[in-house]
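Q: Please take a close look at the sheet in this model. I would like to know how its parts are arranged and what lies against them.

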Amino acid sequence: MGDFVLPDKGAREAAVGSLAGMEPSFRRCFQAGEDFELKREPDLGDWLFHHEEPGQTVREYLDSQPNKVGANGRSKLHILPLGEFPKETSPDLQELKKYMELYYAPMVVEILPMIPAEEVPAVTRESLSSGKLQWNSSHLLGALRGQVPRDSYGLIAVTMTDLYPEEGWNFVFGQASYKNRVGIFSFARYHPAFTGEEGEGDAARLVQQRASKVLTHEMGHMFGIKHCIYYQCNMNGVNSLPECDATPMHLCPVCLRKLQRAVGFDPLSRYQELEKFYRQHQLLPEADWVKGRVDWIAQ
């Protein structure tokens, strides 16, 4: 492995596809300008060092015939909490809901009633490394199919319990089935306390940022969007928390155009609302990036 070839400018522009006929400011939303960092050469341990991925152009995305928003009344996104979320180490689910509503506007996001840990139909074990309780994510995926509401485009179950996909694996952050519109993801490892560290004063913000990235990334898969290889993008595959931390919260022009085709938002208005959210939550580097992007589009 490790033979990934970075896409050149021609490949990146071809991935976005033709923008002819669009109103100028709308067209600029899908042009990179100087705002987007190109995909980095993967290091040993990074996702693309170990996984062969060809990328997915906008045309390939449309040809894949992803699940259509609104088909059979499936127009909402759902979050299903499994077990308790201790305030000291957990992300704020209500803030995650608000963020997802901005990220996927105008779709409605609902948090379903929490299922107590003792009622979660999970196969369990003790972690091979930490000795902590883990749930089998593969088994849970099958059990959660029956929890998807009839009006749900996609449901993601979230938990503070660690997960593993099968024997022989140490852990997994999560797992999803796009066709069945369901996923399960754990936030257990996002706080430094999981590995016995105290964490710095901004640990709560770090946990919230990591959870926001992963939840929007995985919901992106529910829309049929595959991992991105063109830019540093929220849809990049990641193998570790450091690699996750190195990816941005925003979508690159290729993935943004896919999501826009799926949901139908106004990209400029979406950027403006996300900037307000980032500033409110002291995510200033991302807020400044979005502000620069808005200014470039509007010039």
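A: In this predicted model, helix 7 (residues 203-222) lies across strand 1, strand 5, strand 7 and strand 8. Its direction is at about 145° to strand 5.

The strands under discussion belong to an open sheet of five, with the order 2-1-5-8-7 and mixed pairing. Strand 2 (108-111) and strand 7 (174-177) are the edge strands, each pairing on one side only. From one strand to the next, the twist averages 15°.

At the strand 7 edge, the partner is strand 8 (residues 182-186), and the two pair in the antiparallel sense over four bridges. One position can be named here: alanine 176 has glycine 183, in strand 8, as its bridge partner.

Another helix also lies across part of the sheet. Helix 5 (residues 93-103) lies across strand 1 (76-82), strand 2 and strand 5 (152-159). Helix 5 runs at about 165° to strand 2.

Beyond helix 7, the chain enters a loop that leads to helix 8 (241-246), and glutamine 232 is placed in that loop. Glutamine 232 counts as buried because its relative accessibility is 5%, and the cut-off for buried is under 20%. Its side chain reaches the backbone nitrogen of arginine 40 at 3.2 Å. Leaving aside residues up to four places away in sequence, glutamine 232 touches Glu37, Leu38, Lys39 and Arg40, and also Ala246, Thr247, Pro248 and His250.

Methods. Residues numbered from 1 in each chain as written. Predicted model: local features only at pLDDT ≥ 70, side-chain atom pairs only at ≥ 80, totals over all residues. Heavy atoms only, no water. Pairing = 2+ DSSP bridges. Axes fitted to C-alpha atoms, helices over the stretch in contact; angles between N-to-C directions. Contact = heavy atoms within 4.5 Å. Buried < 20%, exposed > 50% of the residue type's maximum accessible area, 1.4 Å probe, protein only. Polar contact = N/O pair within 3.5 Å; in protein donor to acceptor, adjacent residues only side chain to side chain.
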